[in-house]
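Visitor: Hi! I'd like to talk through a structure with you. Could you put it up on the screen?

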Amino acid sequence: MTTLPLDPARIRAEFPSFRQPDLADFAYFENAGGSYTSAQVLNRMRDFYWNHKVQPYEFNGPSRAAARAMDDSYRRLAQAMNVAADWIHFGPSTSANTYTLARAFESWLRPADAIIVTNQDHEANSGVWRKLASRGIEIREWQVDKQTGHLDLAALDKLLDSKVRLLCMPHVSNVVGEINPVAEAVKKAKAFGAVSIVDGVSYAPHGLPDVLALGCDIYLFSAYKVYGPHQGIMAVRPSLASELPNQSHFFNETAREKRLNPAGPDHAQIAAAAGIVDYLEKVAEIAGTAIQGAGPFRIAHNAMRAQEVALLAPLLDYLRKKNGIRLLGPDDPVKRAPTVAIVTDRPAAHVAGMLARHNIGVGGGHFYAYRLLEAMGVNPAHGALRLSFVHYTTPEEVERLIKALDAEL
Ligand SMILES: Cc1ncc(COP(=O)(O)O)c(C=O)c1O
C-alpha cells in the first residue's frame with residue numbers, strides 16, 4: 001500500500017466511537033448507510049443542549065446565543081462548499097428535502113415541460129420527480145449501461161432539448177460508486193436552460209465538493225453520513241430558491257431558511273452541523289503539507305480522496321481476481337468512491353450475516369437503488385453485498401475484510 005496521507009490513529013482519535021468497548025474490534029463497512037459522528041459535532045450538540053436549549057431568534061441573551069450557534073452552521077457549511085451562506089438549507093433528511101423540492105417544482109414547472117432522471121439514483125432523487133408525470137410533466141430517463149452501471153454523457157446529449165427544465169442526477173451512486181462527471185453534465189443541461197439537482201449523498205462523505213465549481217443549482221447531502229447529525233443539507237442557488245413557491249406556513253414567505261423546510265428547524269442539530277466543518281479543518285491539519293489544495297476544505301477533500309484511493313486499491317485488486325462474484329461499477333479506485341457493491345451466488349443478506357460472525361459489518365440488499373439493480377440484471381430481492389468505507393478505515397480493517405471474504409465466498 002502507498003503511504004497514507006492521513007495518519008489513521010490521529011484521524012480515529014477524533015471519533016469517540018473508536019474508544020467504545022462495544023465497538024472495539026468491530027470493522028465497520030456500512031458507512032454508506034451512516035458514518036460515525038465526529039467529536040466536534042458531538043461537542044457542539046452537547047453545548048447546544050446544555051447551554052442554549054431555549055427558543056432561538058428571540059430578544060433575550062440566551063436566545064441570541066442559541067441563534068448564533070445555528071447561524072454559525074450556515075456560514076461554516078457554506079465556506080466548506082464554496083458558496084455564500086444564503087445557499088444553505090436544512091431539512092430532516094435528503095428524502096424529505098427532495099420530497100419538498102418536488103412539491104415546490106410542481107408549481108414551477110408547466111405541463112409539457114420535461115425532466116431528466118436517471119436509473120442510477122437512490123430512489124430519493126428519482127421517485128419524487130417521476131411522480132410529476134401525473135401533472136403532465138414528461139419524464140425522460142438517462143439510463144445506465146446494463147453491464148457497468150456507467151452513465152454516459154453521450155446518452156444525456158440525446159435526451160436534452162429546450163423542453164427540459166430539470167436534470168436530476170447523482171454525484172455518485174450508492175451502489176455503483178462511480179464518480180459521475182457532474183460539472184460536464186450540468187454544463188450541458190445549462191446550455192438548454194435546465195436547472196440541475198445533484199444528489200451528493202454518496203459523494204459528500206468522501207470530501208465536501210466545491211459546489212460553485214460543479215455549477216449545479218441544487219446540491220444535496222445527508223449530514224449523518226458525513227460525520228454529523230441526522231439532517232439533510234441542501235445548497236440551493238439563492239435566485240432559484242426565491243423563485244420556488246414557499247413550502248412553509250404562508251407567513252414564512254420571506255423567511256429564507258424556512259421556505260423549503262415545512263418540518264421546521266431542528267435547532268440543536270443545525271447548530272451541531274458546524275462541527276462537520278470543524279472536523280474537516282482538523283483533517284486538513286492532520287494532512288499537513290503532504291496534500292495540496294486551495295484552503296483547508298480543498299485540502300481535506302483531496303486528503304480524504306487520496307487516503308481512500310490507497311485503501312481501496314487492495315480490495316479492488318482482490319475482487320478483480322476473485323471468481324464467482326460480480327463487481328458493480330469500475331475496478332479503478334480513482335474512478336470511484338469506496339462504496340463497493342458485489343453480487344454473490346448466495347443472497348446478499350445471507351453473506352452479510354456470515355461476515356457478521358467475523359465481527360465485520362457490511363450491508364446486503366438493494367439500498368433503495370432498486371431501479372439500478374433491476375437495470376443491471378440483479379434481482380433486488382437477492383440484492384448486492386455492499387462494502388463501504390471512508391478515510392477513517394484502516395489498512396488492517398481492509399485486510400481483515402479481504403480475508404473474511406476469501407474464507408466465506
Ligand atoms: C445516494 C443516496 N441518496 C439519497 C439518500 C437518502 O438520504 P436520507 O437517508 O437522508 O433520506 C441516500 C440514503 O441512503 C443515499 O444513499
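Visitor: How far is a polar side-chain atom of Lys225 from an oxygen atom of the ligand?

Guide: Happy to help, and do keep in mind that this is a predicted model. That polar side-chain atom of Lys225 lies 2.7 Å from an oxygen atom of the ligand.

Visitor: And Ser222, what does its side chain offer the ligand?

Guide: An N or O atom in the side chain of Ser222 is 2.7 Å from a ligand oxygen atom. With Thr94 the atom belongs to the backbone: an N or O there lies 2.9 Å from an oxygen atom of the ligand.

Visitor: Which residues are around the ligand?

Guide: Besides Thr94, Ser222 and Lys225, the residues around the ligand include Ser93, Ser95, His122, Asn174, Asp199 and Tyr224.

Visitor: Let's switch to the sheet. What's the strand order?

Guide: The order is β2-β8-β7-β6-β5-β3-β4, in an open sheet of seven strands with mixed pairing. At the edges sit β2 (88–91) and β4 (138–142), each pairing on one side only. From one strand to the next, the twist averages 20°.

Visitor: How do β3 and β4 pair, in the parallel or antiparallel sense?

Guide: Parallel, over five bridges, with β3 covering residues 114–118. Thr118 stands opposite Trp142 in β4.

Visitor: Which helix packs against β4, β5 and β6?

Guide: That's α7 (residues 182–191), whose direction makes about 170° with that of β5. Helix α3 (residues 61–81) lies across β2, β7 and β8, and runs at about 115° to β2.

Visitor: What about the largest nonpolar core, which residues touch the most other members?

Guide: Met81, Ile88, Trp142 and Tyr219 do, in a core of 86 residues. Helix α10 (residues 267–287) supplies the largest share of this core, 13 residues. There is also a second, separate core of 26 residues, with Phe29, Ala352, Val362 and Leu405 among them.

Visitor: What is Ile88 in contact with, leaving aside its sequence neighbours within four places?

Guide: Its contacts include Tyr74, Leu77, Met81, Ile233 and Arg256.

Visitor: One last residue: is Leu240 buried or exposed?

Guide: Leu240 counts as buried because its relative accessibility is 5%. Leu240 is in helix α9 (residues 238–243). Not counting residues up to four places away in sequence, Leu240 touches Phe105, Trp108, Val195, Asp217 and Ile218.

Visitor: And how far apart in space are Leu240 and Glu281?

Guide: They are 30 Å apart, C-alpha to C-alpha, with a separation of 41 residues in sequence.

Technical notes:
Residues numbered from 1 in each chain as written. Predicted model: local features only at pLDDT ≥ 70, side-chain atom pairs only at ≥ 80, totals over all residues. Heavy atoms only, no water. Core = buried A, V, L, I, M, F, W, Y, C linked by side-chain atoms within 4.5 Å. Buried < 20%, exposed > 50% of the residue type's maximum accessible area, 1.4 Å probe, protein only. Helix = DSSP H or I, 4+ residues; strand = E, 2+ residues; numbered from the N terminus. Contact = heavy atoms within 4.5 Å. Pairing = 2+ DSSP bridges. Axes fitted to C-alpha atoms, helices over the stretch in contact; angles between N-to-C directions. Near = heavy atom within 4 Å. Polar contact = N/O pair within 3.5 Å; in protein donor to acceptor, adjacent residues only side chain to side chain.
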